Amino acid sequence: MVRFLIPSVAVLLFLVEPEFAMLSPIEIKGEVYYLIPRFLILYLIFISIYYSRQRAVMYGLFFGVLYDVFYIDIIGLYSVLYPLICFLAGSIVKVIHQHLVVTTTISVVLVAILEFILYQFFFLIDFTAIPLADFLRSRLLPTIIANALFLMILGWAFKYLINARVLQRAREVS
């Protein structure tokens with residue numbers, strides 16, 4: 001049963017992300033802030049760190065293609081970036097300890113890198129004309145804060161779910 005729970009949570013997060021995106025933008029004291037939910041990639045990073053980098057890369061490729069097909073018009077952007085971010089997370093954790101606080105920090109930094117690469121790509125193809133300072137202030141910082149809060153709330157649940165699958169897999173092998 002736990003075997004199907006990990007991909008089921010990924011599918012659920014894939015479907016829930018756009019619903020949370022509807023809460024954005026928000027306006028505070030005349031300033032507009034964009035909160036971009038990146039729940040799925042955060043979950044995939046946790047899978048890469050606590051379970052299997054190879055599986056996370058495969059899930060990243062699958063959901064990246066789905067994200068490209070359903071949410072943006074540029075095929076290939078997320079299908080390259082999601083597996084790349086998962087691979088980086090799995091590689092970083094070989095050098096750094098897998099504590100939940102460290103994992104959360106790595107995840108937030110990787111989401112920041114993802115957002116910055118996306119901004120640079122869209123700026124390069126003239127899909128956006130937002131200056132870098134405005135991007136950092138009105139989109140990147142609020143996105144980082146929102147996703148960090150999400151991980152503070154559900155990071156332990158991700159770790160518990162993935163550890164349950166690791167234990168089940170160990171029992172199947174022995």
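At what angle do the axes of helix α2 and helix α5 cross? In this predicted model, they cross at roughly 130°.

## Helix α2 against α5

Helix α2 covers residues 39–50, and helix α5 covers residues 100–124. Their axes come within 10 Å. The crossing angle makes α2 oblique to α5, because only angles over 145 degrees count as roughly antiparallel. The crossing is right-handed.

From α2, the contact draws on Ile-41, Leu-42, Ile-45, Phe-46, Ile-49 and Tyr-50. From α5, the partners are Leu-100, Thr-103, Thr-104, Ile-106, Ser-107, Leu-110, Val-111 and Leu-114. By class, 11 of the contact residues are nonpolar and 3 are polar. No charged residue takes part in this contact.

## Helix α2 against α3

Helix α2 also packs on α3, at an angle of about 160°. Their axes lie 7 Å apart. The two helices are therefore roughly antiparallel to each other.

On the α2 side, the contact uses Leu-40, Leu-44, Ile-47 and Ser-48. These residues meet Arg-53, Ala-56, Tyr-59, Gly-60 and Phe-63 of α3. The contact of α2 with α3 holds 6 nonpolar, 2 polar and 1 charged residues.

## Helix α3 against α4

Helix α3 (residues 53–71) in turn packs on helix α4 (residues 77–92). The axes come within 7 Å and cross at roughly 160°. That angle is over 145 degrees, so α3 and α4 are roughly antiparallel to each other. Their crossing is right-handed.

The α3 side of the contact consists of Arg-53, Ala-56, Val-57, Gly-60, Leu-61, Phe-63, Gly-64, Val-65, Tyr-67 and Asp-68. Facing them in α4 are Leu-77, Tyr-78, Ser-79, Tyr-82, Pro-83, Cys-86, Phe-87, Gly-90 and Ser-91. The residues of this contact divide into 12 nonpolar, 5 polar and 2 charged.

Some α3 residues serve both neighbours. Among them are Arg-53, Ala-56, Gly-60 and Phe-63, which meet α2 and also meet α4.

## The bend in α6

Helix α6 runs over residues 132–173. A straight helix of 42 residues would span 62 Å at 1.5 Å a residue. Helix α6 spans only 51 Å between its end C-alpha atoms.

Where does α6 bend? The bend is at Leu-154, and α6 turns there by about 55°.

## Backbone exceptions

Most residues other than glycine have a negative phi, and most peptide bonds are trans. Two loop sites depart from these patterns.

One is the bond between Ser-24 and Pro-25, which is cis, with omega about 5°. Pro-25 sits in the loop between α1 (2–21) and β1 (26–28). The other is Lys-29, which has a positive phi of about 55° although it is not a glycine. Lys-29 lies in the loop between β1 and β2 (31–33).

How values were computed: Residues are numbered from 1 along each chain as its sequence is written. This is a predicted model: local features need pLDDT of at least 70, side-chain atom pairs count only at pLDDT 80 or more; totals for chains, interfaces and linings use all residues. Side-chain values use heavy atoms; hydrogens and water are left out. Axes are lines fitted to C-alpha atoms, for helices over the stretch in contact, and angles run from 0 to 180 degrees between N-to-C directions. Helices (H or I, at least four residues) and strands (E, at least two) are DSSP runs, numbered from the N terminus. Angles under 35 degrees count as roughly parallel, over 145 as roughly antiparallel, 65 to 115 as roughly perpendicular and the rest as oblique. A crossing is left-handed if the near helix is turned anticlockwise from the far one by less than a right angle, and right-handed if clockwise. Contact means heavy atoms within 4.5 Å. Ala, Val, Leu, Ile, Met, Phe, Trp, Tyr, Cys and Pro count as nonpolar, Asp, Glu, Lys and Arg as charged, and the others, Gly among them, as polar. The expected span of a helix is 1.5 Å times one less than its number of residues. The bend at a residue is the angle between axes fitted to the seven residues ending there and the seven starting there.
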